[in-house]
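Hello,

Here is the structure I promised to pass on to you. Please have it open while you read, and my notes on it come right after.

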Amino acid sequence: GSSKWQEKVEALSVIERRLTEAKTLGGVYSAPLVTYLSSQTSGFKISNINTLKGVIAVAVAAAQNCGDEKFSRPAAWELLKQFGDKLSDKKTKDLVQSLLTSLSECISPLFVVKRMKNVLDKVKAPVAHTYYLEWLKDAVKEFSFGAFPIQFIATFCQEEMENKAATVRTAAIEVMGAFYHQIGPKLVSFAISDDMKPQIKSLLEAEFAKVGHDPSAVSKATRQGEGNISGVGAIPRQDIFSLLDKNILAELTLVEGKNSWQNRKAAIEAVISACEKSGHYLEYNKQVLELVKALKGRINDTQANLKPLAVGAIGHIIASFESEPGNKTLKQTAGSLLLGLADNKKPMRDATVAALQMAVAGCNQASGESPTVDANMLTTLVSPISEALANVVGRQELLTWLMSHLENLKGGESCAELVGPLIVCMQDKTASVRAVAEQLLTALMARAAVTKGALDKATRDLPPATKRSLQTAIDKMMSIHGTSRRAAPVGKQSSDLTASVEIANIDTSAYMTEEVVEKS
């Protein structure tokens with residue numbers, strides 16, 4: 001090879017240009033190319049900065065223009081070993097970051113991240129660590145979290161958060177922030193460990209609060225590495241028992257002794273805290289059913305202040321499961337949960353409504369985001385709710401909550417079960433309960449979620465005096481059946497537009513206040 005660096009740089013730029021123009025040769029020639037570059041530079045011992053930049057630029061061009069042939073992994077590893085530490089030089093750091101991105105695209109981010117950990121373990125210069133972490137933060141945005149081995153990176157970042165240099169510590173915290181922005185609270189379970197220094201923990205928490213959670217950020221990924229497909233970045237669900245004391249079941253059921261209620265209270269609080277720690281991301285297993293059973297027993301605890309905690313804990317657990325096991329657990333607990341609404345104490349009724357809300361909508365909404373409701377969960381609740389409405393206590397809260405989920409109620413047999421109980425609620429002695437029951441039933445009729453036949457069946461045998469008092473409302477419901485445009489089948493617009501408008505304008509403020517003016 002020529003000893004004059006200018007000639008070397010000229011030759012390198014010719015190779016770079018040829019690779020870029022051909023667009024598909026980088027993969028085929030990756031192995032021989034790296035061998036050639038190594039032989040021309042005495043094993044990559046390059047003292048001249050311009051030659052060094054030229055060599056890295058050729059490697060980047062090859063990685064960016066692979067074609068159908070894969071880039072050789074041994075060749076890629078050789079490049080990372082030789083040039084990874086060149087991140088510490090401002091003159092070469094941009095090129096090295098381009099190399100990391102190109103190799104992530106043509107092999108995978110997983111490959112690059114694991115190899116770079118080995119490289120950086122041998123590099124002392126804090127600036128190299130800082131620039132690598134800054135690259136990683138951008139790469140998470142560009143490839144999305146699914147392409148990365150998240151637990152591996154979380155461990156690496158925890159080590160970097162102990163670095164003496166403040167810039168490295170900050171950059172490591174920002175990498176975890178980039179993951180949190182896409183993943184949300186589920187990340188917390190392994191981003192923040194029990195043995196972490198309080199100072200680092202509070203810096204991480206502050207970063208998470210600052211960046212927030214935006215699930216749509218994942219879809220903004222601009223690059224595709226092969227790792228995106230295989231679920232590399234899958235986040236494991238936590239086993240709740242790994243987050244709890246091994247005596248938890250015994251503590252939950254301990255009733256001997258005057259102060260045993262304190263043990264039960266601490267145990268229930270520990271369950272809630274474990275759900276939160278997992279980011280409401282738990283795996284479903286047989287043991288969890290034992291836990292739910294023990295918590296169900298606490299809904300009737302002799303100590304009144306434990307009852308709201310127990311329904312809350314069940315809500316947290318259901319919200320932590322995937323849809324199917326969550327629904328299964330809800331079926332097993334719905335009856336017991338709804339007993340909380342028949343309680344004379346308002347805190348218990350409020351806690352029950354909050355638990356129902358958690359069950360159907362989960363706990364991981366980003367702030368300001370409207371909750372995504374699981375319609376199947378809601379359907380599961382319709383039958384037990386129909387039974388629960390027989391209790392006069394709690395009707396107001398239950399109907400108001402159900403009304404807030406009108407959009408998500410599936411029509412059909414399940415909703416038909418509500419008709420009878422709603423007619424009973426329309427005879428409640430409290431005006432606001434009557435108002436919301438009528439409003440809910442009217443809306444269900446307008447959306448054709450229940451049939452005229454179901455309403456007729458529920459009102460046919462009412463005592464004459466009752467029937468007279470409800471007749472106006474019943475007639476109105478019959479006349480607007482199926483007119484709400486949301487429920488009308490596609491292409492069939494309701495002819496009775498006035499009724500549609502009337503439904504759209506139902507005044508929801510009426511049932512929020514206690515004193516509703518009686519209809520004369």
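Below is what I found, going from the cores to the helices and then to the charged pairs.

Please keep in mind that this is a predicted model.

Let me start with the interior. The largest nonpolar core has 77 residues, and within this core Ile240 and Leu444 touch the most other members. If you would like to look around Leu444, set aside its neighbours within four places in sequence; Leu444 is then in contact with Leu406, Leu409, Cys415, Leu418, Leu422, Ala449 and Val450. There is also a second, separate core, this one of 76 residues, with Val60, Val96, Met116 and Ala178 among its members.

Another residue to click on is Met477, which sits in helix α23 (residues 464–479). Met477 is buried, and its relative accessible area is 0%. Beyond its neighbours within four places in sequence, Met477 has contacts with Met426, Glu438, Leu441, Thr442, Met445 and Leu455. Of these partners, Glu438 is 39 residues from Met477 along the chain, and the C-alpha atoms of the two are 9.2 Å apart.

Next, a pair of helices. How do two packed helices get described? By the angle between their axes and the distance between the axes. Here helix α7 (residues 126–143) packs with helix α8 (residues 150–160) at about 145°, and the axes are 12 Å apart. Their crossing is left-handed. On the α7 side the contact involves His129, Tyr132, Leu133 and Leu136, which meet Ile153, Phe156, Cys157 and Glu160 of α8. By type, the residues of this contact are six nonpolar, one polar and one charged.

Now to the charged residues. Is Lys93, in helix α5 (residues 90–106), buried or exposed? Lys93 is buried, because its relative accessible area is 17% and the cut-off for buried is under 20%. Apart from neighbours within four places in sequence, Lys93 is in contact with Lys86, Leu87 and Tyr131.

Across the whole structure, a search finds 22 salt bridges. Here are some that you can compare:

- Lys141 and Asp138 form a salt bridge, with 3.9 Å between the closest N and O atoms. Both residues lie in helix α7, three residues apart, or about one turn of the helix. Lys141 is partly exposed at 48% relative accessibility, and Asp138 is partly exposed as well, with a relative accessible area of 39%.
- Lys210 and Glu207 meet through their side chains in a salt bridge of 3.5 Å, N to O. These two are in helix α11 (residues 198–211) and are separated by about one helical turn, because they are three residues apart. Lys210 is exposed, at 62% relative accessible area, whereas Glu207 is buried, at 10%.
- Asp301 and Arg264 form a salt bridge in which the closest N and O atoms are 2.8 Å apart. Asp301 belongs to the loop between α14 (286–298) and α15 (307–320), while Arg264 is in helix α13 (residues 260–277), so this pair ties together parts that are 37 residues apart in sequence. Asp301 and Arg264 are both buried.

One further group is a network of salt bridges that links Glu105, Glu142 and Arg223.

Happy browsing, and do write back with any questions.

Best wishes

Methods. Residues are numbered from 1 along each chain as its sequence is written. This is a predicted model: local features need pLDDT of at least 70, side-chain atom pairs count only at pLDDT 80 or more; totals for chains, interfaces and linings use all residues. Side-chain values use heavy atoms; hydrogens and water are left out. A nonpolar core is a set of buried Ala, Val, Leu, Ile, Met, Phe, Trp, Tyr and Cys residues joined through side-chain atoms within 4.5 Å. Buried means under 20% relative accessible area, exposed over 50%, partly exposed in between (1.4 Å probe, protein chains only). Contact means heavy atoms within 4.5 Å. Axes are lines fitted to C-alpha atoms, for helices over the stretch in contact, and angles run from 0 to 180 degrees between N-to-C directions. Helices (H or I, at least four residues) and strands (E, at least two) are DSSP runs, numbered from the N terminus. A crossing is left-handed if the near helix is turned anticlockwise from the far one by less than a right angle, and right-handed if clockwise. Ala, Val, Leu, Ile, Met, Phe, Trp, Tyr, Cys and Pro count as nonpolar, Asp, Glu, Lys and Arg as charged, and the others, Gly among them, as polar. A salt bridge is a side-chain nitrogen of Lys or Arg within 4 Å of a carboxyl oxygen of Asp or Glu.
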